[in-house]
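The report that follows describes one protein model, beginning with a single residue and widening to the fold as a whole. Please keep the sequence and the coordinates at hand while reading.

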Amino acid sequence: MQTVSLRKWAVDNEPDLTREVYAQIECGGTEDCGCEECFNFATTRHLVYSAEVIEFLEWLGIDPQLEACARHDARLDTGDHTYTVSFFLVGRIAAGPATPVARRRGARCESLERAGDALVGFCADASDAPDPFKGLPCVRLEVRVVAPWVANGPEPIGTN
Ligand SMILES: [Zn+2]
């Protein structure tokens, strides 16, 4: 067992167990989905994580190629697109909020923390974790990334 401490969060986790679960997962969730946003993510995945983020994921026992899903957030003025990528890991939130979504003055807003050059958050809700995680205590890790658009389909503009 190890603990990742990231500002407001402390997450106890089992990297060896997490690694065993990833060994049973065949491909990333964006490969299974079939929508244009996911296709674009799967195609640009090798560009979106810094060496530092890959090291962080691997330290947690996560295979960076095997995200559970990637939610398209927005198209930036630069032409790049932001995604929020979810990975599950074996562990539990020992301290900190149960979700990276906060409410401020009635508005829903995200409350991610900076880890090196990335924004990340943890969520206790693991109800949509891939099957190999079933029966294990799990935490969802969210990573905000920026990806270029390479898919042929029309570029999505806003949040969907
Ligand atoms: Zn999709």
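## Ala 94 and its surroundings

Once residues up to four places away in sequence are set aside, Ala 94 touches Thr 3, Ala 10, Val 11 and Asp 12. The model is a predicted one, and every value given here is computed from it. Ala 94 has its place in strand β4, and because 14 other C-beta atoms lie within 10 Å, Ala 94 is partly exposed. Towards another part of the chain, the C-alpha atoms of Ala 94 and Leu 136 are separated by 16 Å, with these positions 42 residues apart along the chain.

Ala 95 likewise belongs to β4, which spans residues 81-95. Ala 95 counts as exposed, because it has 11 C-beta neighbours inside 10 Å, and a residue with 12 or fewer such neighbours is placed in that class. Apart from its neighbours within four places in sequence, Ala 95 is in contact with Trp 9 and Ala 10. The C-alpha atoms of Ala 95 and Gly 153 are 42 Å apart, at a distance of 58 residues along the chain.

## The strands β1, β2 and β4

Several of the contacts just listed lead to β2, which covers residues 9-13. What is the sense in which β1 and β2 pair? Strand β1, residues 2-6, pairs with β2 in the antiparallel sense over 5 bridges, and within this pairing Asp 12 in β2 is the bridge partner of Thr 3. The two strands form a hairpin with 2 residues between them. Arg 7 lies in the loop that connects β1 and β2, where its phi is near 45°, a positive value in a residue other than glycine. Most residues other than glycine have a negative phi. Arg 7 is exposed, because 9 other C-beta atoms lie within 10 Å.

On β2, the covered face consists of Trp 9, Val 11 and Asn 13, whereas Ala 10 and Asp 12 make up the uncovered face. In a regular strand, side chains alternate between the two faces of the sheet. β2 is also joined to β4, by 4 bridges in an antiparallel arrangement, and Val 11 stands opposite Ile 93 in β4.

## Antiparallel pairings compared side by side

The table gathers the strand pairings, with an example pair for each.

| Strands | Bridges | Sense | Example pair |
|---|---|---|---|
| β1 and β2 | 5 bridges | antiparallel | Thr 3 and Asp 12 |
| β2 and β4 | 4 bridges | antiparallel | Val 11 and Ile 93 |
| β4 and β9 | 10 bridges | antiparallel | Tyr 83 and Val 145 |
| β8 and β9 | 5 bridges | antiparallel | Gly 121 and Glu 142 |

Strand β9 thus appears in two of these rows, being joined both to β4 and to β8. Of the 10 residues of β9, 7 are buried, so this strand is largely enclosed by the rest of the structure.

## Helix α1 and the nonpolar core

Which residues of α1 are buried? They are Thr 18, Val 21 and Tyr 22, and because they cover an arc of only 100° around the axis, they lie on the same side of α1. An α-helix has 3.6 residues a turn, so residues three or four places apart point the same way. These buried residues of α1 pack against β2 and β4.

The largest nonpolar core holds 33 residues, of which Phe 87, Phe 88, Leu 89, Cys 138, Val 139 and Leu 141 touch the most other members. The elements giving two or more residues to this core are β2, α1 (15-22), α3 (36-48), α4 (51-59), β4, β8 (118-123) and β9 (138-147). Val 139, when residues up to four places away in sequence are not counted, touches Val 11, Leu 89, Gly 91, Arg 92, Ile 93, Phe 122, Ala 124 and Ala 126.

## The protein as a whole

In total the secondary structure comes to 4 helices and 9 strands, arranged along the sequence in the pattern β-β-α-α-α-α-β-β-β-β-β-β-β. The C-alpha atoms fill a box of roughly 45 × 40 × 30 Å along the principal axes. The radius of gyration is 15 Å, which agrees with the value near 15 Å that a compact globule of 160 residues would have. Buried residues make up 31% of the 160 residues. Among contacts with a separation of 6 or more, 69% are between residues 24 or more positions apart.

Conventions. Residues are numbered from 1 along each chain as its sequence is written. This is a predicted model: local features need pLDDT of at least 70, side-chain atom pairs count only at pLDDT 80 or more; totals for chains, interfaces and linings use all residues. A residue is buried if 20 or more other C-beta atoms lie within 10 Å of its own, exposed if 12 or fewer, and partly exposed in between; C-beta atoms are placed from the backbone. Two residues are in contact if their C-beta atoms, placed from the backbone, lie within 7 Å. A nonpolar core is a set of buried Ala, Val, Leu, Ile, Met, Phe, Trp, Tyr and Cys residues joined through C-beta atoms within 7 Å. Two strands pair if DSSP finds at least two bridges between them. The arc is that of the directions from the helix axis to the C-beta atoms. The radius of gyration is taken over C-alpha atoms; the globule rule is 2.2 Å times the number of residues to the power 0.38.
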